[in-house]
Amino acid sequence: MQKVRDEEKRRAVRETYGRIAKAGAAGCGCDCSPAASGYSEAERRGLPEGADMALGSGNPLAIAALEPGETVLDLGSGGGIDCFLAAGRVGAAGRVVGVDMTPEMVSKARENAAKAGAANVEFRLGEIEHLPVADASVDVILSNCVINLSPDKPAVYRDAYRVLKPGGRLAISDVVATVELPDEARGDLARHAACVSGAASLAELRRFLCEDAADTDSYPRMDARRLHVGVRVSCGRIIEAVKPEA
Ligand SMILES: C[S@@+](CC[C@H](N)C(=O)[O-])C[C@H]1O[C@@H](n2cnc3c(N)ncnc32)[C@H](O)[C@@H]1O
């Protein structure tokens, strides 16, 4: 029964973002405004037209400290805004991969990449719980207002851990629940798809990241000392973590 419910949530999310991609609309329905997202004017100006769809809850690049040559993965890349910004920072020697489960979004992001002539960015269709990405191949994972939409958040963090290289980093902006949401809100598909009712609490996030992500004895857990969860933007939360070297 829970699996059926999870599939309904995925379908609602896919339909919502498919519509947004086709309409070229701005905003997902939560209160995050473009002004609150933390991108500078210079960052916005450099984007291909149509990439900034005002769907993020913050600016994960602000904490990612990207270096030239790094490989970056963006979970739920939408129209590609953070991928294009990351591409400029990692340069021609680096690589950026965006993964999104909504076919219309992936098409839109690919059109945007063609417009921008961005040769070091690619977009793959897939679910962030089952990433189409090789083990230990990524330096930095970005995500912006996406993981709240997943019906299986522990699976997202487990797969993120799998694809990160030892020492790899997570830099995530997402909506976090600061109060217990009533069941009625939790079960509302429209609010779920609008990034309102699917959010995990900080305590749940800490558990998913630091305890559940590495679930075998042969893998070290995420380094809790380096996990930082704090308020950096008005409506979203920033989550940083580092996969230990060994
Ligand atoms: C609120 S939008 C954010 C898009 C982008 N990160 C941005 O900041 O503009 C959420 C995106 O995540 C995608 N998405 C949601 N759940 C997903 C999942 N489980 N796997 C892959 N993509 C997902 C949606 O299709 C949509 O494009």
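Leaving aside neighbours within four places in sequence, I147 is in contact with L75, K153, V156, I172 and D174, where contact requires C-beta atoms, placed from the backbone, within 7 Å of each other. I147 is found in the loop between β4 (138-144) and α6 (153-163); helices (H or I, at least four residues) and strands (E, at least two) are DSSP runs, numbered from the N terminus. Although it belongs to a loop, I147 counts as buried because it has 26 C-beta neighbours inside 10 Å. The term buried applies when 20 or more other C-beta atoms lie within 10 Å of a residue's own, exposed when there are 12 or fewer, and partly exposed in between, with C-beta atoms placed from the backbone. Of its contacts, L75 lies 72 residues away along the chain, and the C-alpha atoms of I147 and L75 are separated by 8.1 Å.

The model is a predicted one, in which local features need pLDDT of at least 70 and side-chain atom pairs count only at pLDDT 80 or more, while totals for chains, interfaces and linings use all residues. Residues are numbered from 1 along each chain as its sequence is written.

A wider view helps to place these details. The protein chain holds nine helices and seven strands, and 45% of its 246 residues count as buried. Among contacts between residues at least 6 apart in sequence, 74% join residues at least 24 apart.

Helix α4 (81-90) deserves a closer look. Eight of its 10 residues are buried, so α4 is largely enclosed by the rest of the structure. Those buried residues are I81, D82, C83, F84, L85, A86, A87 and V90. Just after α4 comes G91, whose phi is positive, near 70°.

Within α4, L85 counts as buried because 25 C-beta neighbours lie inside 10 Å. Not counting residues up to four places away in sequence, L85 touches E43 and L61. The C-alpha atoms of L85 and G46 are 8.2 Å apart, with their positions 39 residues apart along the chain. With the same sequence neighbours left out, A86 touches L61, L66, V72, D74, V96 and L142.

A86 also stands out in the largest nonpolar core: of its 61 residues, L73, A86 and I141 touch the most other members. To this core α4 gives the most, with seven residues. Such a core is a set of buried Ala, Val, Leu, Ile, Met, Phe, Trp, Tyr and Cys residues joined through C-beta atoms within 7 Å. In soluble globular proteins, nonpolar side chains tend to be buried together.

The ligand is surrounded by 25 residues, the closest being G56, G76, G78, M101 and T102. The elements giving two or more residues to this shell are α1 (2-23) and α4 (81-90). A residue belongs here if its C-beta atom, placed from the backbone, lies within 6 Å of the molecule. By class, the shell has 13 nonpolar, eight polar and four charged residues. Ala, Val, Leu, Ile, Met, Phe, Trp, Tyr, Cys and Pro count as nonpolar, Asp, Glu, Lys and Arg as charged, and the others, Gly among them, as polar.

Besides contributing to the ligand shell, α1 packs against helix α5 (residues 103-116) at an angle of about 35°, with the axes 7 Å apart. Axes are lines fitted to C-alpha atoms, for helices over the stretch in contact, and angles run from 0 to 180 degrees between N-to-C directions. In this packing, Y17, G18, A21 and K22 of α1 meet E104, M105 and K108 of α5. The contact has three nonpolar, one polar and three charged residues.

Key
Contact = placed C-beta atoms within 7 Å.
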